[in-house]
Amino acid sequence: MTDRPDNVLVAYFSMEIGLDSSMPTYAGGLGVLAGDTIRSASDLEIPMVAVTLAHRRGYFHQRLDEQGWQREEPVAWPINDFCKPVSQRVIVELEDRTVHVGAWQIRVRGESGGEVPVYLLDTDLSENQPWDRTLTDLLYGGDDYYRLCQEVVLGLGGCRMLRALGYSHIRRFHMNEGHAALLVLALLEEKLASRAQEASIPADLIDAVREQCVFTTHTPVPAGHDQFPPDLAHRVLGERRCAWLKACGHDQSLNMTELALHGSRFVNGVAMKHGEVSHNLFPGYPIHSITNGVHAVTWAAPSFQALYDRYLRDWRRDQLSLRYAISIPSEGIWKAHQEAKRMLVEHVNHETNAGFDRDVLTLGFARRAAAYKRGTLIFHDIERLVAIAHQVGPLQIVFGGKAHPRDQDGKNLIHRIHELRDALRGKLRVAYLTNYDMTLAKLLCAGVDVWLNTPLPPMEASGTSGMKAAVNGVPSLSVLDGWWIEGHVEDVTGWSIGDRIESCLEPMEGMDACHATALYDKLEQKVLPCFYKERERFIEIMRQAIALNGGFFNTQRMMAQYLHNAYRLVGDLFAEGSSKS
Ligand SMILES: *Cc1c(COP(=O)(O)O)cnc(C)c1O
C-alpha cells in the first residue's frame with residue numbers, strides 16, 4: 001500500500017533521523033526517537049513518508065585526548081551504500097539564489113512487511129554554486145545563516161520534493177521539533193498559489209494549513225528553540241515571505257517554535273510533565289502530552305531478543321506484549337543480563353583498559369554531554385562515594401556522550417569526568433567510552449546493572465535511554481523528571497533520586513547537594529544491598545522494569561497515541577485502504 005505515493009497520509013519531517021548506527025544522520029535523543037518512530041510506523045503499516053537532510057559529512061566523530069578534551073572530525077560515509085538516488089529535482093530560493101535540491105531514498109521495513117520511505121534531501125549537485133553544495137553536509141554545524149538555509153531546504157524543499165515524488169494526498173504533516181517549521185510557509189504558499197493571490201493572506205488559508213499540521217516540541221532548554229534575528233530572516237527569506245510570516249504573527253525575530261505552534265492543529269510535549277512545562281512556556285496554546293518510547297526490537301540486546309522470542313512469541317510485532325514478561329523465569333532474565341553485561345565489560349576493558357569486573361555492580365551514564373544533565377553529580381562528594389563502595393559493596397561507573405560542537409560547558413563536563421576518573425584511580429573504576437552512538441547505546445543500556453540519570457528538573461523533557469535500559473531489564477536510578485515521573489515505582493521498577501515535590505528547591509547549588517545526598521543514600525541503603533545481598537529481589541525489579549516500563553514506554557504505544565490523538569486518521573486509514581487498494 002505504501003509503495004503508492006498517493007496512498008500515503010502522513011509526512012514526518014525531522015532535521016535528524018537515526019536510521020542506522022553507520023549513518024551519522026542523527027546527533028542524539030531527538031534523532032533516535034525519529035528513527036524509532038519510523039520503525040514503529042512501518043511495523044504498524046501506517047502510510048507514512050519521512051523527510052530529513054542527507055548530512056553527508058554527518059554529525060561529527062568524537063575524539064578525546066588523554067585529558068578528555070573533545071575534538072570533532074567530519075564523518076565520511078558512503079551514502080550510496082545505504083540509499084538510492086531519486087531522479088526528481090526541486091528548487092528553493094535563498095536570498096537571490098536558486099538552489100537545486102535532490103534526494104536519496106531509503107526504505108525502512110517493518111515486522112509485517114510494511115515500509116516507510118525516508119527521503120534525505122541533498123544540495124550537493126553540480127547545478128549549485130560551491131557553497132550551496134555544502135548546505136546538507138553538517139548536522140548542527142555552521143552558523144545561524146547556514147542553519148536557516150538548511151531549514152529552508154528541509155521545510156520548503158522537503159514539501160516540494162514530496163509533491164514532485166507524487167505524494168499528493170498527505171493529510172497530516174508532522175513537525176518533529178521546530179527545525180521543520182518552514183513547512184508551514186511551504187503549505188501556505190501552495191494554497192496561495194492555487195488562489196493566485198499575492199501580498200495578503202486570508203485567515204481561512206492559515207486555518208486550512210493548521211488543519212494539516214502536527215507539532216511535537218522536545219525541550220524546555222532555550223538553546224533547543226531556533227530563533228533568527230529579523231535581518232537574517234529578511235535576507236534569506238525575502239520581503240514577500242517575511243510579510244506572510246508577519247501575517248502569521250511574526251514581527252520580531254523568526255522563532256521556529258512559535259511558527260510551528262501557530263501553524264499546528266495539535267501540539268504535544270514528549271512526557272506528561274513536559275506537556276505542562278511547555279504550556280507554561282507558551283501560554284495561549286493548548287499543549288498535549290504524548291510520552292516518548294523506544295523501538296523495543298531495536299534496543300533489546302541479542303540475549304534478550306532470544307529470551308523474548310522464547311517466552312513472548314509475538315513481541316516483535318506486538319511490543320505491548322512485553323507486559324507478559326511477568327511470566328519469564330528469573331534464571332532466564334539473569335542469564336540474558338549476564339550475557340549483555342559480559343559484552344559491555346569486554347568492550348570497556350578493550351577500549352579503555354579500565355579493568356572492569358563482571359561481578360561488580362555497574363552504573364551507566366551516557367547521553368549528550370549537556371550541563372543540565374549533570375554528569376558529575378555522582379562525584380559531588382567523592383569521599384562519601386568511595387566510602388560507600390568500600391563499606392557496602394564495590395561499584396564501577398561507565399560514561400559516554402558527545403558535547404555539541406558549540407557547547408563549551410558540555411566539553412568542560414567531559415574533561416571534568418576524565419579528571420575525576422584519574423583522581424579516583426585505585427579507589428573506584430571509572431571509564432569514559434568515546435564516540436557515543438546507537439551501537440554503543442545498545443551495548444551500554446543493556447550491559448550495565450543500573451541506569452543512572454541526574455537531570456536538573458524540569459529540563460529533561462522525556463529522556464529515552466532509561467527506556468532502552470528497561471527493555472533490557474535494567475532498572476533506573478533517576479531524578480524524578482521527564483518520563484521517570486511516569487515510569488518510577490519505588491523498589492518495583494527502580495529508585496528515585498529526591499522527591500517529586502522538590503523538597504530542596506533553589507538555590508541551584510542547594511539542589512545539587514540535595515540530589516547528591518539522595519543519590520548516595522539510595523546507593524547505600526537500597527541499590528547496593530539489594531544487588532549483592534538480595535539477588536532474587538533485584539531480578540524481580542528487573543522483571544518489572546521490562547513488564548511495566550518496557551511494555552508501555554515503547555514507540556508502538558506512542559504511535560498508537562499519535563494516530564488516535566494527533567493525526568486522528570484512524571477512520572480514514574480504513575476508508576483509504578478499502579477504496580484505493
Ligand atoms: C537514546 C540516545 C540518546 C538519548 O539519551 P537520553 O538519556 O534520553 O538523553 C542520546 N544519544 C544516543 C546515541 C542514543 O542512542
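Which residues line the largest cavity? Let's begin there and then move out to the domains and the pocket between them.

## The largest cavity

In this predicted model, the largest cavity is lined by Phe 365, Arg 367, Arg 368, Ala 369, Ala 370, Lys 373, Gly 375, Gly 400, Leu 413, Ile 414, Ile 417 and Tyr 432. By class, that lining holds seven nonpolar residues, along with two polar and three charged ones. If you would like to find the spot by secondary structure, look for helix α15, residues 408-423, which gives the most to the lining with three residues.

The volume of this cavity is about 70 Å³. A search through the whole structure turns up three cavities of 30 Å³ or more.

## Two domains and their interface

Stepping back, the protein chain is assigned two domains: domain 1 covers 5-293 + 558-580, and domain 2 covers 296-552. Between their C-alpha centres there is a distance of 32 Å. Across the interface, 38 residues of domain 1 are in contact with 39 residues of domain 2.

Together the two domains bury about 3300 Å², and carbon and sulfur atoms give 55% of that area. On the domain 1 side, the residues that lose the most area to domain 2 are Gln 62, Trp 69 and Lys 273, which together make up 16% of what that side buries.

Lys 273 is worth a second look for its side chain, which meets that of Asp 481 in a salt bridge, with N to O at 3.3 Å. The count of salt bridges between domain 1 and domain 2 is two.

## The second largest pocket

Where does the second largest pocket lie with respect to the two domains? Domain 1 and domain 2 both give residues to its lining, so this pocket lies between them. Its volume is about 610 Å³.

The lining of the pocket consists of 31 residues, and those nearest its centre are Thr 352, Ala 354, Arg 421, Val 430 and Ala 431. Sorted by class, the lining has 14 nonpolar residues, nine polar and eight charged.

Several elements take part here. At least two lining residues each come from α13 (330-352), α14 (382-391), α15, β17 (429-433) and α16 (438-447). Strand β17 supplies the largest share, five residues. You will recognise α15 from the start of this tour: the helix that gives the most to the lining of the largest cavity also supplies residues to the lining of this pocket.

Note on methods:
Residues numbered from 1 in each chain as written. Predicted model: local features only at pLDDT ≥ 70, side-chain atom pairs only at ≥ 80, totals over all residues. Heavy atoms only, no water. 1 Å grid on protein atoms, 1.4 Å probe; cavity = no way out; pocket = protein on both sides within 12 Å on 5 of 7 lines; lining within 4 Å. Points joined across faces, edges and corners; volume = space filled by probe spheres on them. Helix = DSSP H or I, 4+ residues; strand = E, 2+ residues; numbered from the N terminus. Nonpolar A, V, L, I, M, F, W, Y, C, P; charged D, E, K, R; others polar. Domains from an automatic or database assignment. Contact = heavy atoms within 4.5 Å. Buried area = accessible area lost by both parts, 1.4 Å probe. Salt bridge = Lys/Arg side-chain N within 4 Å of Asp/Glu carboxyl O.
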